[in-house]
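Visitor: I'm new to this one. Can you walk me through it?
Guide: Sure. Here it is.

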Amino acid sequence: MLLRELVDTSAAVAATRSRKEKVRLIAGLLSAAEPAERSLVAHLLSGKLRQRRTGLGYRSLATLPSPADDASLSVVEVDAAFAAMARLAGPGSAGARTAAVTELFGRATAPEQAWLRSVAVGEVRQGALEAVTTEALAQAADVPLAVVRRAAMLAGGTTYVVDAAFAGADALAEVGLTVGRPILPMLASSAPDVAAAVAKAAGPDGLVGVDAKLDGIRVQVHRHGDEVVVATRSLDDVTARLPEVVAVARSLPVSSVVLDGEALALTADGRPRPFQETASRTSSGAGEAVVAPYFFDLLHVDGEDLLDVPAAERWARLEALVPPEHRVRRWVGTSVEEASAFADAALAEGHEGVVVKSAGASYDAGRRGSAWVKVKPVHTLDLVVLAVEHGSGRRRGWLSNIHLGARDDSSPTGFVMLGKTFKGMTDEMLAWQTSRFRDLEVTDDGWVVTVRPEQVVEIAFDGLQRSTRYPGGLALRFARVVRYRDDKGADEADTIETVRGLVL
């Protein structure tokens, strides 16, 4: 299949708001692909490369060769090119990667270049979410949607069961939880307070569990005999980087087990260390912080799958298996007042908040619903927009990703950058900010528009982490736009000192 066909479909998916039409378009492309290409096409159409790391970023793709006049690249050739880049390492790899980029992008037409750059940096925005792709696969393969959905959750994503789907419902039914192969984690929805979360999660008997929400790295731990696999929320294998987690898994009195939890570094007095210390160990293995596991769910033990077992039973079996020092602290009951008091104590101990969980719920891999509901305080800052990036995919033609800065009198510009975000923007907001930032434009290099630092924006965020990327030494976590503040001037924005004061 030519890349042009995939890029055209991606553009059409981005251009429509109709879920039904998105499904039809994706299903059509999957049906048109050769059997050996279907899985690859599904990966690329979902906006993801099969290679998790290629060494490419915004800067390395800022300058591209002149585009080709005619489409000739196949999806297989594109995959092979990115795979070759992912293997580059050591002396001379930067030059070799630049040459590979020139070769690949030089064969691409202008629309193909734009799409390849977006997929390489993870910014394909087309509305082809996992659920839409799952529906499309069921339609293309003519198999029941429920069977595809279940298999996808247990395999780690829809793109991993494409071949099984086209082989039929029986092949999909054979996809199950396999110790050693991570599954998509169950996710939590949100509520503004504990009372609302309990009302949302509680079953007929009102019984819920309330877990302390640790500010660590979500980990899924699989053990079969002495073989242990530790995977992150995104299913990256980090086993070699977390020997402490491996040791705990091996110490349990079982032959096989699958556990869900958090990996976290604590201070000597039991308070969480800054998130960055945990993250650096998980992402690179660097750092001196000791990272230990804290488990909150049990999915399999000694040949028995527990996904469909009520949560209360899973919790009881977890308590019988894992010692207290490696379990997330949990309160179980029906009293909203006691649940709120537990949440207050968790916050006082330095944790992010709590997760309220239905005692009767099964473990819905990959699903976000009312069975798990997170509650955590929301922080906001008034920051200044320093620059804005050209949108891609459905946001093509708009200015989208904004660069955020706090006031800093020690900086030559008067501001220090804390991160970027495109979250929380409605279409109306995108249209408004495109016009607004064009009025404030200083330079435009084709990727980033630098603007006069005049527009204040209110930003909500979940926390702060240390950062060597930004001069202020801090970066916002999960930043999202609340609103633009036309009632404030840039001189009223929050200072870097205010931001640093939020770090405990």
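**Cavity and strands**

Guide: Take the lining of the second largest cavity: β3 supplies the largest share, 3 residues. Keep in mind that this is a predicted model.

Visitor: How many cavities of 30 Å³ or more does a search of the whole structure find?
Guide: The search finds 2. The second largest holds about 30 Å³ of space.

Visitor: Which elements give two or more residues to the lining of that second largest cavity?
Guide: They are β3 (217-224) and β4 (227-232).

Visitor: And which residues line it?
Guide: Among them are R218, V219 and Q220, along with A231, T232 and D260. The lining divides into 5 nonpolar, 2 polar and 3 charged residues.

Visitor: New topic. Strand β6: mostly covered or mostly open?
Guide: Mostly covered. Strand β6 spans residues 291-301, and 11 of its 11 residues are buried.

Visitor: How many bridges join β5 to β6?
Guide: There are 9, and the two strands run antiparallel. Strand β5 covers residues 256-265.

Visitor: What is the bridge partner of A263 in β6?
Guide: A263 has P293 as its partner there.

Visitor: What about β7, how many bridges join it to β6?
Guide: 2 bridges, again with the strands antiparallel. β7 is residues 304-305. H300 stands opposite D305 of β7.

Visitor: How many residues sit between β6 and β7?
Guide: 2 residues, and the two strands form a hairpin. In the turn, D302 has a positive phi of about 45°.

How values were computed
Residues numbered from 1 in each chain as written. Predicted model: local features only at pLDDT ≥ 70, side-chain atom pairs only at ≥ 80, totals over all residues. Heavy atoms only, no water. 1 Å grid on protein atoms, 1.4 Å probe; cavity = no way out; pocket = protein on both sides within 12 Å on 5 of 7 lines; lining within 4 Å. Points joined across faces, edges and corners; volume = space filled by probe spheres on them. Helix = DSSP H or I, 4+ residues; strand = E, 2+ residues; numbered from the N terminus. Nonpolar A, V, L, I, M, F, W, Y, C, P; charged D, E, K, R; others polar. Buried < 20%, exposed > 50% of the residue type's maximum accessible area, 1.4 Å probe, protein only. Pairing = 2+ DSSP bridges.
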